[in-house]
Amino acid sequence: MLKKVGYILLLISCLSFLSILIVPWVGFSKIQIAGITTGLIIAGEILFYLSLIILGKSFFDKIKSKLMFWKAKV
């Protein structure tokens, strides 16, 4: 059950980052766009770190290994 919550938080985090791309076309003013974008970035980061805490070190290592494709191999 706790793992499902972690994955749901990760999904919501990804959706909040993707929704940043949609905000400028909704029809808000520039100040509102800046505020909403800032709020979505902060919420996405917090939810991402909470999901990492819930899912544990093994999940973090899996993500880190996927993102280390640019690291030079010896």
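## Notebook: three helices and how they pack

I started with Lys64, which is partly exposed, with a relative accessible area of 42%. I am working from a predicted model here. Looking up its place, I found Lys64 in helix H3. I then checked how far Lys64 sits from Gln32: the two are 32 residues apart in sequence, and their C-alpha atoms are 34 Å apart in space.

**Entry on H1.** I went to helix H1 next, which runs over residues 2-19 and has 18 residues. From its first C-alpha to its last I read 26 Å, close to the 26 Å expected at 1.5 Å a residue. Which residues of H1 are buried? My list reads Gly6, Leu9, Leu10, Ser13 and Ser16. They cover an arc of only 120° around the axis, which puts them on the same side of H1. I turned to the other side of H1 and found Lys4, Leu11 and Leu18 exposed there. What do the buried residues of H1 pack against? I noted two partners, helix H2 (30-55) and helix H3 (57-67).

**Entry on H2.** I repeated the span check for H2, which has 26 residues and should span 38 Å at 1.5 Å a residue. Its end C-alpha atoms are 37 Å apart, which agrees. For the buried residues of H2, I wrote down Ile33, Thr37, Leu40, Gly44, Leu47, Ser51, Leu52 and Leu55. These buried residues pack against H1 and H3. Just after H2 comes Gly56, and I noted that its phi is positive, near 100°.

**Entry on two residues of H2.** I picked Thr37 from helix H2 for a closer look. Is Thr37 buried or exposed? Thr37 counts as buried because its relative accessibility is 18%, and the cut-off for buried is under 20%. I left aside the neighbours of Thr37 within four places in sequence and found it in contact with Ile20 and Val23. Then I looked at Leu50, which also has its place in helix H2. At 38% relative accessibility, Leu50 counts as partly exposed. I paired Leu50 with Leu21 as well: they are 29 residues apart in sequence and 23 Å apart in space, C-alpha to C-alpha.

**Entry on H2 against H3.** Two packed helices are described by the angle between their axes and the distance between the axes. I looked up both values for this pair: H2 and H3 pack at an angle of about 120°, with their axes 6 Å apart. H2 and H3 are therefore oblique to each other. Which residues meet in this contact? From H2 I listed Phe48, Leu52 and Leu55, and from H3 I listed Lys57, Ser58, Phe59, Phe60 and Ile63. I sorted the residues of this contact by kind and got six nonpolar, one polar and one charged. Going back over my lists, I see that Leu52 and Leu55 are among the buried residues of H2, and that both take part in the contact with H3.

Technical notes. Residues are numbered from 1 along each chain as its sequence is written. This is a predicted model: local features need pLDDT of at least 70, side-chain atom pairs count only at pLDDT 80 or more; totals for chains, interfaces and linings use all residues. Side-chain values use heavy atoms; hydrogens and water are left out. Helices (H or I, at least four residues) and strands (E, at least two) are DSSP runs, numbered from the N terminus. The expected span of a helix is 1.5 Å times one less than its number of residues. Buried means under 20% relative accessible area, exposed over 50%, partly exposed in between (1.4 Å probe, protein chains only). The arc is that of the directions from the helix axis to the C-beta atoms. Contact means heavy atoms within 4.5 Å. Axes are lines fitted to C-alpha atoms, for helices over the stretch in contact, and angles run from 0 to 180 degrees between N-to-C directions. Angles under 35 degrees count as roughly parallel, over 145 as roughly antiparallel, 65 to 115 as roughly perpendicular and the rest as oblique. Ala, Val, Leu, Ile, Met, Phe, Trp, Tyr, Cys and Pro count as nonpolar, Asp, Glu, Lys and Arg as charged, and the others, Gly among them, as polar.
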